[in-house]
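Visitor: Hi! Could you walk me through this one, a piece at a time?
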Amino acid sequence: MYAIAGASGRVGSAAADHLLRAGRPVRVLVRRPEAAAAWEARGAQARLVDLHDEEALAEALTGCTGLFALLPFDLTVEDGATDARAVAGATAGAVRRAGVPHVVVLSSGGADLPGGTGPIAGLHVLEESLRATGARVSALRSGHFQEKVGDVLDVARAEGVYPVFAASADVLHPMGATRDLGVVVARTLLAPAAADEVVDVLGPEYTEREVAAVLGAALGRELAVVPLPEEAWAPTLAATGLPMPVAESLAELYRADEQGLLAPRGGRTVRLTTPLADTVAALVVAAPVPQG
C-alpha cells in the first residue's frame with residue numbers, strides 16, 4: 001500500500017494517478033470529504049487527515065510500504081516556520097509509529113541549508129526529521145515549477161505585464177512540470193534506492209524573458225517584462241493580499257535564488273521533459289477570463 005499526502009495537489013494527484021494506472025494499491029490522505037469520495041470512486045482508499053495530527057497520520061499510514069510526504073506552503077499562515085516544524089514533527093512521528101519503511105519527500109534545491117532560503121528552510125526540517133525516523137528517505141529536490149506562471153496570469157492578461165522578482169530576466173532556470181514530477185514520485189515509491197538519497201529533479205531551462213514570451217503567445221498579446229528591484233519584492237507581494245511575514249519569506253526565497261543557494265547539490269539527477277508551452281497553454285485554458 002502506498003500512501004499519498006496532498007493527493008488534491010498537482011504533484012500528489014499525479015503520483016496517485018500513476019500508481020493507480022499501474023494497478024498498485026493507493027491510500028490518499030486528503031482533508032475534504034468530496035476529495036476522498038472522488039478518489040474512492042477511482043479505486044483508491046482515502047483517509048481524511050490533517051497533516052498536523054500525528055495520531056491520525058500514524059493510523060492512516062499503518063500497513064503502508066511507502067509514503068509520499070510534502071510540506072504544504074499555506075499562504076494564510078503568518079508564522080510559516082512554526083507551522084512547517086509542526087507538520088514535519090507530526091509526519092516524522094507518524095512514520096516512526098507506523099513503521100513506514102520508505103518515504104519519498106517533495107523537497108527543493110536549497111533544502112540542505114538550515115536557513116536563509118525562505119520557506120525552503122521548512123523542507124530542511126522535514127528532510128532531517130524524516131531521516132531521524134530510521135525510514136529510508138528519498139528526497140526529490142525540484143527546481144522551479146512551470147505552473148508558477150499561473151501566479152502572474154491575471155496581471156499579465158489584464159495589464160500586459162510580466163513581473164520578475166530578480167535582478168535580471170535573462171538567467172536560465174530549470175523549470176519542470178508538476179505532472180512529470182508526480183510520475184517520478186510514483187516510480188521512486190515503486191523502486192526505492194538501497195539507502196537514503198537526494199535526487200535533483202530538473203526540467204528544461206528557460207529565462208524569465210522566455211517564459212514571458214511563451215505566456216504572451218498563449219494570451220495573444222506581447223508582455224512587458226519588468227524586473228523588480230529587491231526592495232520592492234516584499235511590498236509588491238504584500239500588496240496582493242499576502243501577510244507581510246509571508247511576503248518577506250518569499251522575498252528571502254527569491255534572494256536565495258539570486259545568490260545561487262538553490263542550486264542542485266543532490267547525488268543524482270532526473271530530467272523532466274514536458275515543454276513549458278504545453279503547461280502554459282493548459283493554465284491559460286483553465287483560468288477563467290474575468291468579466292467586468
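Guide: Happy to, and one term comes up right away: contact means heavy atoms within 4.5 Å. This is a predicted model, where local features need pLDDT of at least 70, side-chain atom pairs count only at pLDDT 80 or more, and totals for chains, interfaces and linings use all residues. Residues are numbered from 1 along each chain as its sequence is written, and side-chain values use heavy atoms, with hydrogens and water left out.

Visitor: Cool. What is E197 in contact with, leaving aside neighbours within four places in sequence?
Guide: The list is V137, S138, A139, T188 and R268.

Visitor: And which strand is E197 in?
Guide: E197 belongs to β10, residues 197–202. Strands (E, at least two residues) and helices (H or I, at least four) are DSSP runs, numbered from the N terminus.

Visitor: Is E197 buried or exposed?
Guide: E197 counts as buried because its relative accessibility is 14%. Buried means under 20% relative accessible area, exposed over 50%, and partly exposed in between, using a 1.4 Å probe and protein chains only.

Visitor: Switching to helices: how do α8 and α11 cross?
Guide: The axes of α8 (residues 208–219) and α11 (residues 276–286) come within 9 Å and cross at roughly 45 degrees. That makes α8 oblique to α11. Axes are lines fitted to C-alpha atoms, for helices over the stretch in contact, and angles run from 0 to 180 degrees between N-to-C directions. Under 35 degrees is roughly parallel, over 145 roughly antiparallel, 65 to 115 roughly perpendicular, and the rest oblique.

Visitor: Which residues meet there?
Guide: From α8 there are V211, V214, L215, A218 and L219, and they meet L276, A277, V280 and V284 of α11. By class, the contact of α8 with α11 has nine nonpolar, no polar and no charged residues. Ala, Val, Leu, Ile, Met, Phe, Trp, Tyr, Cys and Pro count as nonpolar, Asp, Glu, Lys and Arg as charged, and the others, Gly among them, as polar.

Visitor: What about T279, buried or exposed?
Guide: T279, in helix α11, is buried, with a relative accessible area of 7%. Leaving aside neighbours within four places in sequence, T279 is in contact with Q146, E147, A177 and T274.

Visitor: Last topic: what order do the strands take in the open sheet of three?
Guide: The order is β7-β9-β11, with mixed pairing; two strands pair if DSSP finds at least two bridges between them. β7 (144–145) and β11 (205–206) are the edge strands, each pairing on one side only.

Visitor: And how do β9 and β11 pair?
Guide: They are antiparallel, over two bridges, and H173 has Y206 in β11 as its bridge partner.
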